[in-house]
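User: I would like to go through the pocket, the cavity and the ligand site of this model, and then a few backbone details. Please keep the answers short.

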Amino acid sequence: MDLKNINFKKSLGQNFLIDKNIVDKIINSAQIDRETLVIEIGPGSGALSKSIASLCGNLICYEIDKSLKTILDEELADFNNVLVKYEDFLNADVLKDIKDYSYKKLIVVANLPYYVTTPIINKLIIDNIMPSLMVLMVQKEVADRFCAKKSSKNYNSLSVFLQYHYDINPLFIVSNNCFIPKPKVDSCVVRFKLKDEKLPVNDINKFYKLIRDSFRFKRKNLKNNLSSYDLDKVNLILSKYGFDLTARAEELDLNIFVDIANNI
Ligand code: SAM
C-alpha cells in the first residue's frame with residue numbers, strides 16, 4: 001500500500017501504523033476467532049483491519065474521515081465480512097449496529113486517535129457496549145493513567161472508573177518511529193479484560209459521581225472534596241479501612257469508593 005498520496009489530518013489524530021511486527025503483536029494479543037465480532041475505531045488505511053478481517057467472524061469499522069474510503073475499499077476488497085461505517089464513533093448507535101450479528105465474543109481492537117481516546121473508551125462503557133476484551137493503542141502517558149494503582153501519581157477518577165469494569169494491563173510500548181506521520185510521543189498497547197465479577201454497586205451513577213467528586217481538586221483531602229456529602233457517614237466508612245477525612249482520594253482502593261457510594 002502506498003501512503004504517499006494520503007493527506008494526513010493531524011486534527012483527526014491520523015498517525016498510521018507502518019510496522020507489520022507491531023500489527024501482528026496487537027492482533028495476537030486480541031485472541032480473535034471466527035465467532036468473534038470485532039469493532040475497530042479508526043481503521044485509517046486498514047493496517048489492522050486486514051489482519052482482523054482474516055481471523056474474525058465479522059468486523060465493523062467506524063471511520064470519521066470519508067476521504068479514506070477509496071483506499072479502504074481497495075485494501076479490504078478481498079473480505080466480505082467487513083462493514084465500514086463512515087461516521088464519528090462518538091455519535092454512532094453501536095448497540096443498534098451490532099444487534100443483527102451473531103457472535104460469541106465482542107471485542108474492540110484499535111489504534112485510537114489520541115485526541116478522543118478517553119471519550120471513546122467512556123462511550124464503550126457508558127453506552128453499555130462493554131466488550132469482553134479491548135486491545136487499544138494509546139499514548140504512553142494515557143496508558144499510565146488507565147493502569148495506575150492507588151497512591152501512584154497517575155491514579156485518578158478515570159483509573160477507578162475503568163478498573164471498576166476491567167482488569168487493565170499494559171502489554172508493550174510502541175516507538176513513535178512505527179507511525180507515519182511520526183507522533184511526538186511513544187504509544188502503549190493496553191489490554192482491557194472485562195471483569196467476570198464486579199463489586200456490587202447499588203447506583204452506578206452515584207458511584208461515578210462520588211469518584212469524580214473525590215478527585216475533583218488533586219491537592220485537597222476528602223473533607224474538602226466531599227464537603228457536600230454527609231461527612232459523618234463518609235468518615236464512619238473510612239474508619240473501617242483505617243482512614244479519616246484527612247485522606248486524599250488517591251490513597252483509596254476501588255472497594256472503599258464502592259462501600260462509600262453504597263452507604264451514603
Ligand atoms: N488504524 C489505523 C492504523 O493503525 O494505522 C489508523 C489509526 S489513527 C491513530 C486514528 C484513526 O481514527 C484515523 O483514521 C482517524 O481518521 C480516525 N478517527 C479520528 N477520530 C475519529 C472518530 N471520532 N470516530 C471514528 N474515527 C475517528
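**Pocket, cavity and ligand**

User: How do the residues of the lining of the largest pocket divide into nonpolar, polar and charged?

Analyst: The model is a predicted one. The lining of the largest pocket holds 20 residues. By class they divide into 10 nonpolar, 6 polar and 4 charged.

User: Which residues lie nearest the centre of the largest pocket?

Analyst: About 370 Å³ of space lies in this pocket. Strand 6, residues 133–139, gives the largest share of its lining, with 3 residues. Nearest the centre of the pocket are Asn15, Tyr114, Gln139, Pro183 and Lys184.

User: Which residues are the closest to the centre of the largest cavity?

Analyst: The structure has 1 cavity of 30 Å³ or more, and about 340 Å³ of space lies in the largest cavity. Its lining is made of 29 residues, and those closest to its centre are Ile41, Gly42, Glu63, Asn111 and Pro113.

User: Which elements give two or more residues to the lining of the largest cavity?

Analyst: By class, this lining has 17 nonpolar, 8 polar and 4 charged residues. The elements that supply two or more residues to the lining are strand 1 (16–17), strand 2 and helix 2 (47–55).

User: Where does the ligand sit?

Analyst: The ligand is surrounded by 23 residues, and the closest are Leu17, Gly42, Glu63, Asp88 and Tyr115. This shell has 12 nonpolar, 6 polar and 5 charged residues. As for its place, the ligand sits in the largest cavity.

User: Which residue has a side-chain N or O atom 2.8 Å from a nitrogen atom of the ligand?

Analyst: Two other contacts can be set aside, as they involve oxygen atoms of the ligand. In one, a polar side-chain atom of Gln14 lies 2.9 Å from a ligand oxygen. In the other, a polar backbone atom of Leu17 is 2.8 Å from a ligand oxygen. The contact to a ligand nitrogen at 2.8 Å is made by the side chain of Tyr115.

User: What percentage of the ligand's accessible area does the protein cover?

Analyst: On its own, the ligand has 600 Å² of accessible area. The share of this area covered by the protein is 99%.

**Backbone details**

User: Is the peptide bond from Ile180 to Pro181 cis or trans?

Analyst: Most peptide bonds are trans. Pro181 is in the loop between strand 8 (179–180) and strand 9 (187–194). Omega for the bond from Ile180 to Pro181 is near -15°, and the bond is cis.

User: Is phi of Gln31 positive or negative?

Analyst: Most residues other than glycine have a negative phi. Gln31 is in the loop between helix 1 (20–29) and strand 2 (36–41). Its phi is near 45°, and the sign is positive.

User: What is the phi of Met130?

Analyst: Met130 is placed in the loop between helix 5 (117–126) and strand 6. This residue is not glycine, and its phi is positive, near 45°.

Technical notes
Residues numbered from 1 in each chain as written. Predicted model: local features only at pLDDT ≥ 70, side-chain atom pairs only at ≥ 80, totals over all residues. Heavy atoms only, no water. Near = heavy atom within 4 Å. Polar contact = N/O pair within 3.5 Å; in protein donor to acceptor, adjacent residues only side chain to side chain. Areas by Shrake-Rupley, 256 points an atom, 1.4 Å probe, with all protein chains shown as cover. 1 Å grid on protein atoms, 1.4 Å probe; cavity = no way out; pocket = protein on both sides within 12 Å on 5 of 7 lines; lining within 4 Å. Sits in = over half its atoms within 2 Å of the grid points. Nonpolar A, V, L, I, M, F, W, Y, C, P; charged D, E, K, R; others polar. Points joined across faces, edges and corners; volume = space filled by probe spheres on them. Helix = DSSP H or I, 4+ residues; strand = E, 2+ residues; numbered from the N terminus.
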